[in-house]
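Work through the exercises below with the sequence and the 3D view side by side. Try each task before you read its solution.

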Amino acid sequence: MSKAASHATYTLMRVQDFVALPQPHPAAVLLDRLWPRGISKEKMAGVVWEKDATPSTELRQWFHADPDARFAELESRFTQELQAPAAQAALQRIRALAHTAGGSLVLLTASKHLQQCQLPALQKVLQA
């Protein structure tokens, strides 16, 4: 991996805020297992969807049962899931996309709470 890719800037953003930005949109990757409700694929044209770099269905459902109490554990469990080969391949694609985009990439989620979802953990892994 090149130095530029390892020193990329990853910005966290809600999908709803991203689609409201003026065109052209910055380079971005959607990191939710499910497509965001109410967002058309046309509004997300050019956005890469990396499901393999998202929490498993089981982890997502476990977390959503009690997000306030389970957030600290989410980061640990999700970081473990990111060790799987499919997730590692997705992380490489994300880093390559950041490099292609000039070292800056927007990480998108439909979560209402950017600091209490999978993205901060993913951001740490990508910047490591």
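**Exercise 1.** Find out which strands pair with β4 in this predicted model, and in which direction the partners run.

*Solution.* Begin with strand β2, which covers residues 28-30: three bridges join this strand to β4, and the two run parallel. To fix the register of this pairing, look for Leu30, which stands opposite Leu108 in β4. Next turn to β1, which is joined to β4 by six bridges and also runs parallel to it. In this second pairing, Arg14 is the residue that stands opposite Thr109 in β4.

**Exercise 2.** Decide whether β4 is largely enclosed or not, using the burial of its residues.

*Solution.* A residue counts as buried when its relative accessible area is under 20%. By this cut-off, five of the six residues of β4 are buried, and therefore the strand is largely enclosed by the rest of the structure.

**Exercise 3.** Describe the largest nonpolar core, and say which residues Leu122 is in contact with.

*Solution.* The largest nonpolar core has 24 residues, and those that touch the most other members are Tyr10, Leu31, Ile94, Leu107 and Leu122. As for where its residues come from, at least two are supplied by each of β1 (9-14), α3 (57-65), α4 (67-81), α5 (85-100), β4 (104-109) and α6 (119-127). Now take Leu122 and set aside its neighbours within four places in sequence: the contacts that remain are with Leu31, Ala53, Phe78, Leu82 and Leu91. Apart from this core lies another, of 10 residues, which includes Met13, Val15, Val106 and Leu108.

**Exercise 4.** Characterise the largest pocket by its space, its lining and the elements that contribute to that lining.

*Solution.* The space in the largest pocket comes to about 640 Å³. Its lining is made of 23 residues, and the closest to the centre are Asp32, His64, Thr109, Ala110 and Ser111. The elements that give two or more residues to this lining are α3 and α4, and the largest share, four residues, comes from α3. Sorted by character, the lining residues divide into 10 nonpolar, seven polar and six charged.

**Exercise 5.** Locate the cis peptide bond that joins Gln23 and Pro24, and state its omega angle.

*Solution.* Start from Pro24, whose place is in the loop between α2 (15-19) and β2. The bond that joins Gln23 to Pro24 is cis, with an omega of about -5°.

Terms used
Residues are numbered from 1 along each chain as its sequence is written. This is a predicted model: local features need pLDDT of at least 70, side-chain atom pairs count only at pLDDT 80 or more; totals for chains, interfaces and linings use all residues. Side-chain values use heavy atoms; hydrogens and water are left out. A nonpolar core is a set of buried Ala, Val, Leu, Ile, Met, Phe, Trp, Tyr and Cys residues joined through side-chain atoms within 4.5 Å. Buried means under 20% relative accessible area, exposed over 50%, partly exposed in between (1.4 Å probe, protein chains only). Contact means heavy atoms within 4.5 Å. On a 1 Å grid over the protein atoms alone, a cavity is a set of points where a 1.4 Å probe fits but cannot get out, and a pocket is an open set with protein on both sides within 12 Å along at least five of seven lines; lining residues have an atom within 4 Å of a point. Grid points are joined across faces, edges and corners, and a volume is the space filled by probe spheres set on the points. Ala, Val, Leu, Ile, Met, Phe, Trp, Tyr, Cys and Pro count as nonpolar, Asp, Glu, Lys and Arg as charged, and the others, Gly among them, as polar. Two strands pair if DSSP finds at least two bridges between them.
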